[in-house]
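Reader: Hi! I've just opened this one and could use a friendly guide. Could you walk me through it?

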Amino acid sequence: MVMALRWVFPGSAGMLTPLTAPRLVLGRGESCDVRLPGTETSRQHAEIRREGAFALVRDLESRNGVFVDGKAVREAALAPGHVLRLGEWIGVVALMSAAALDRERVSGEPVFQQFAPGLVGGPALRSVLDPLRRAAASTLPIVIVGETGTGKEGCAQAAHRWSGRSGDFVAFNCATLAPTLADAELFGYRKGAFTGADRSHPGFFRAAHRGTLFLDELSELPEAVQAKLLRTLQQGEVLPLGEARTVPVDVRVVAATQVPPAQAIAEQRLRSDLAARLDGLTLDLPPLRARQEEIPYLFSYLLAQHSGAQPAAVEPRLLEQLCLYDWPFNVRELDLLVRRLLVLHAHEGVLRRSHLPARVLRCAEPKPRRDGPQASSAALPSCAPPANTPEAHRARRDREFDALMAGLRAHSGNVARAAAAAGISRQRAYRLMQANQGGGLAEASPGACDEP
């Protein structure tokens, strides 16, 4: 894996600077290795040097300073997930494969773009949408897994648009109806089938005939309705309440859940046979906190969308702070924030960091970093060797490395979050990456270190 700086402001162009050279000089001067033109950057603003598994950034006596995660530094280690600000330029440190780096260099496509109406982002979102686009015209059922606000319905609509199906896109939220009504609303009913049925209703399945039915919060369906849904998917027909004969339907089903199907099955909220029937293509939508480098572009896109042809100017420190926030409600929360800023502060001409809500400022405050080579040994967790055999030590190291790799895949290469998920320190994570050079992170760095 390769560390790189993704430049996300100004312009949110997505320029990429691999941190592979022994030394890079950054600034507005023509002799710099990385040119960052602008009135706020010095001629030679900073340098980045490789130090084993780390990259070190050092201020070259710049006029406006060097900031890592919003904190002014003279010298600091950079790791995936760190946010670097030099003058008005903002970069996010990312971890990416050499193959992904090469693909981006030769593709010629914009890094950040609108892939479909309502689906805007960069490499993290593209990696999800590429298989969706390929599968859209097939008959494969699709399951989309993602937290609230990540854009599950937008992906379902894109699948319908790309499928070329002639029918309608129909959305059904399985969590919004009482269990007694879910059957009738989904499969339809005949007039007089139950008390209050004063007219016939085709149901959502028949409304989506020759189109796409989006079943949001699938695991919230009652078990009996899940069983009936399974039969409908297998037979291609529905049995409305009060009817004696089935009605054939041609429907492409896209289901969505907030948790992986395996977890919903373990919690006895989803039938395993229904999950198996829907197991055609499963997509994991990354949360916004795992799309850190895309946040400034998304913010700019939403700002233009909500403000018309003349969006307000934006202070770089505001975008820096947005990159540091965890976004528990994802893109939906970002959209509401943009609207709030426009309503309350657009008349001031410039949107500033001080305009952000307290929760964003409070939750995004820079946290102490203890994963760099300059950290003192007293500040780090105890690394005393275990009182057991070398075999047990190797087994523990292998378990930790496997957990770290799983965490890196789940958190789009964010080492801090991957280490937390694996239950180890970030320093331990980097040691494991060094020790396992050639296995999983082939380009981590030279210099293996196996101590726990």
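Reader: Let's start with a pair of strands. How many bridges join strand 3 to strand 4?

Author: There are 2 bridges between strand 3 (residues 23-27) and strand 4, and the two strands run parallel. Strands here are DSSP runs of E with at least two residues, helices are runs of H or I with at least four, and both are numbered from the N terminus. Two strands count as a pair if DSSP finds at least two bridges between them.

Reader: Thanks! Anything I should know about the model itself?

Author: Yes: this is a predicted model, where local features need pLDDT of at least 70 and side-chain atom pairs count only at pLDDT 80 or more, while totals for chains, interfaces and linings use all residues. Residues are numbered from 1 along each chain as its sequence is written, and side-chain values use heavy atoms, with hydrogens and water left out.

Reader: Back to that pair, then. In strand 4, which residue is the bridge partner of Leu 26?

Author: Leu 26 has Val 34 in strand 4 as its bridge partner.

Reader: And what sheet do they sit in? In what order do its strands come?

Author: It is an open sheet of 5 strands, ordered 4-3-5-6-9, with mixed pairing. Strand 4 (34-35) and strand 9 (75-78) are the edges; each has a single partner strand, so one side of each has no neighbour in the sheet.

Reader: What about the middle? In which sense do strand 5 and strand 6 pair?

Author: Strand 5 (residues 46-51) and strand 6 pair in the antiparallel sense, over 6 bridges. As one example, Ala 46 has Asp 59 in strand 6 as its bridge partner. Strand 6 also runs antiparallel to strand 9, joined to it by 4 bridges, and there Val 57 stands opposite Ala 76 of strand 9.

Reader: Why is strand 6 called largely enclosed?

Author: Because 5 of the 6 residues of strand 6 (residues 54-59) are buried, the rest of the structure largely encloses this strand. Buried means under 20% relative accessible area, exposed means over 50%, and partly exposed lies in between (1.4 Å probe, protein chains only).

Reader: New topic: loops. Glu 61 caught my eye, so where does Glu 61 lie?

Author: Glu 61 is in the loop between strand 6 and strand 7 (66-68). Its phi is near 55°, a positive value in a residue other than glycine.

Reader: Is that how residues usually look?

Author: Most residues other than glycine have a negative phi, and most peptide bonds are trans.

Reader: Is Glu 61 buried or exposed?

Author: Glu 61 counts as exposed because its relative accessible area is 73%.

Reader: And Asp 69, what is its phi?

Author: Asp 69 has a positive phi of about 55°, although it is not a glycine. Asp 69 belongs to the loop between strand 7 and strand 8 (71-73). With a relative accessible area of 4%, Asp 69 is buried.

Reader: You mentioned trans bonds. Which residues does a cis peptide bond join?

Author: Phe 9 and Pro 10 are joined by a cis peptide bond, with omega about 5°. Pro 10 falls in the loop between strand 1 (2-9) and strand 2 (16-18).

Reader: Now the sheet with strand 15 in it. What is its pairing?

Author: That open sheet of 5 strands has parallel pairing and the order 15-16-19-14-20. At its edges stand strand 15 (169-173) and strand 20 (281-284), each with a single partner strand, so each has one side without a neighbour in the sheet. From one strand to the next, the twist averages 20°. Axes are lines fitted to C-alpha atoms (for helices, over the stretch in contact), and angles run from 0 to 180 degrees between N-to-C directions.

Reader: Which strands does helix 3 touch?

Author: Helix 3 packs on this sheet and touches strand 14 (142-145), strand 15, strand 16 and strand 19. The direction of helix 3 makes about 165° with that of strand 16. Contact means heavy atoms within 4.5 Å.

Reader: Over how many bridges do strand 16 and strand 19 pair?

Author: Strand 16 (residues 211-216) and strand 19 (residues 251-257) pair over 5 bridges, in the parallel sense. Among the partners, Leu 215 has Ala 255 in strand 19.

Reader: One more residue: where is the place of Asp 398?

Author: Asp 398 is in helix 13 (residues 390-410). Asp 398 counts as partly exposed because its relative accessibility is 38%. Asp 398 and Leu 432 are 34 residues apart in sequence, with 8.9 Å from C-alpha to C-alpha.

Reader: And the whole chain: how many helices and strands does it have?

Author: The protein chain has 15 helices and 22 strands. Of its 452 residues, 49% are buried. Among contacts between residues at least 6 apart in sequence, 63% join residues at least 24 apart.
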